[in-house]
Amino acid sequence: MTTDTATDTATVCELAPATLYAMIDQVLHGVARDDSRPVLTGVHVKIEDGTLTMASADGFQLWVLSAPCHGASASAILTADTLKATLPALKAAIKAAGKYDSDRTTVTLAIGEHCAIDTGVARIALLQVEGTYPNYSQLIPTLESYASDAGCHIALNGTYLAKIAAAAAKYGDSGILRMRTTTPSSPMRCDWKSDKWNATAVVMPMFVNWDAPAPAPAPAPAGWATAPKRASVCESCTDSARENDGASADIAESVCIEYGADMSDHYCERQDGTDCACAGH
């Protein structure tokens, strides 16, 4: 519905406090941490076609949360700090509702020239970010694009995935998270939902040369360099090489350099460049 005052015309959306809390708590994960693009430091909030949508992006990940919400079309970019500040009040409203998923108590979200969340006990003004938010909908791969069952390798930022998985485990139905991608250079689409709202996150891939040679073994810790040391043939490695390598074992001896006053620490190198098999390697 729409409410009119002398200073503002705003679209007011009524939601269960648990629904609004869950949407805000999750969408804040995708907000940009630097201000090189100021609009990305905020959350895009839109009411359209009977749906409330919240979105955040930082250039590497995109979070989109949606829930049914009737009202005239309206949108705003709200600062992450003011949205985060509403969480304690919404948590109190959830507690007042009697249980987490209760719909007996609703809160209102007003989107217009002046934006606010009203819990019935507290009214919290929401600051806005000036600017135009990117058209993020075109960045979300369609479900039809995942028709192929062909497998592929993809490299993703583990921190982003951990946040997505945590949100799905905390708020999703049975903690189920569905992930889809098509090629190593395609975005990874992640979906989870409850009976009150839907969530989608898109994570941009990282470009990794899967065929690159493995990195060289790390050198011995720097602190050992000044300790007493001696070099000798490592019998453990040599015996293992003879057992596993057959005829080539004659050239597979290892130089075992023992560090430490009691000669108890080892750092080994096999002359043929392969891994050393002794326990000290």
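What follows is a conversation between a student and a tutor about reading a predicted model.

Student: Before I look at any detail, what is the average pLDDT of the protein chain, and how many of the residues score at least 70?

Tutor: The chain averages 76, and 65% of the residues score at least 70. Where pLDDT is low, the predicted coordinates should not be read in detail. Here, residues 220-234 stay under 50, although the model gives them 30 contacts beyond four places in sequence. Residues 237-267 are also below 50, with 73 contacts beyond near neighbours in sequence.

Student: OK, I'll leave those stretches alone. How many disulfides does the structure hold?

Tutor: A disulfide is a covalent bond between the sulfur atoms of two cysteines. This structure holds one. Cys-13 and Cys-69 form the pair, with their sulfur atoms 1.1 Å apart in the model. Cys-13 sits in strand β2 (residues 9-15) and Cys-69 in the loop between β5 and β6 (74-79), so the bond ties together parts that are 56 residues apart in sequence.

Student: Are those two cysteines buried or exposed?

Tutor: Cys-13 is buried, at 0% relative accessible area, and Cys-69 counts as buried too, at 2%. While we're on cysteines, Cys-115 is buried at 4%, and Cys-190 is buried at 0%.

Student: On to strands. Which way do β3 and β4 run, and how many bridges join them?

Tutor: In a regular strand the side chains alternate between the two faces of the sheet. As for the pairing, β3 (residues 42-48) and β4 run antiparallel, joined by five bridges. One pair to look up is Ile-47 with its bridge partner Leu-52 in β4. The hairpin of β3 and β4 has two residues between the strands, and Asp-49 takes a positive phi near 55° there.

Student: And what does β4 do with β5?

Tutor: Those two also pair in the antiparallel sense, over seven bridges. Leu-52 turns up again, this time with Ala-67 of β5 as its bridge partner. The β4 and β5 hairpin has three residues between the strands, and Gly-59 in the turn has a positive phi of about 95°.

Student: How many of the residues of β4 are buried?

Tutor: Six of its seven residues are buried, so the strand (residues 51-57) is mostly covered.

Student: Let me try one residue in β5. What is Ser-66 in contact with?

Tutor: First place it: Ser-66 lies in strand β5 (residues 61-68). Setting aside neighbours within four places in sequence, its contacts are Met-23, Thr-51, Leu-52, Thr-53, Trp-197 and Asn-198. Ser-66 has a relative accessible area of 19%, and that makes it buried because the cut-off is under 20%.

Student: Now helices. Why do the buried residues of α4 end up on the same side?

Tutor: An α-helix has 3.6 residues a turn, so residues three or four places apart point the same way. In α4, the buried ones are Tyr-160, Ile-164, Ala-167, Ala-168 and Tyr-171. They cover an arc of only 95° around the axis, which puts them on the same side of α4. Exposed Ala-169 and Lys-170 are on the face turned away from that buried side. Covering the buried residues are elements including α1 (17-27), β5, β11 (188-193) and β12 (198-203).

Student: How far does α4 reach from its first C-alpha to its last?

Tutor: It reaches 20 Å with 14 residues, close to the 20 Å expected at 1.5 Å a residue.

Student: Which residues are buried in α3?

Tutor: In α3 (residues 87-96), they are Leu-87, Ala-89, Leu-90, Ala-93 and Ile-94. They fall within an arc of 160° seen down the axis, so they line one face of the helix. The face turned away carries the exposed residues Pro-88, Lys-95 and Ala-96. Among the elements covering the buried residues of α3 are α1, α2 (80-85), β7 (107-112), β8 (115-118) and β9 (123-126).

Student: One last spot: where does Gly-175 lie?

Tutor: Look in the loop between α4 (158-171) and β10 (178-180). Gly-175 counts as partly exposed, at 32% relative accessibility. Not counting residues up to four places away in sequence, Gly-175 touches Ala-168 and Ala-169. The C-alpha atoms of Gly-175 and Trp-192 are separated by 8.0 Å, with the two residues 17 apart along the chain.

Note on methods: Residues are numbered from 1 along each chain as its sequence is written. This is a predicted model: local features need pLDDT of at least 70, side-chain atom pairs count only at pLDDT 80 or more; totals for chains, interfaces and linings use all residues. Side-chain values use heavy atoms; hydrogens and water are left out. Helices (H or I, at least four residues) and strands (E, at least two) are DSSP runs, numbered from the N terminus. Buried means under 20% relative accessible area, exposed over 50%, partly exposed in between (1.4 Å probe, protein chains only). Contact means heavy atoms within 4.5 Å. A disulfide is a pair of cysteine sulfur atoms within 2.5 Å. Two strands pair if DSSP finds at least two bridges between them. pLDDT is the predictor's confidence in each residue, from 0 to 100. The expected span of a helix is 1.5 Å times one less than its number of residues. The arc is that of the directions from the helix axis to the C-beta atoms.
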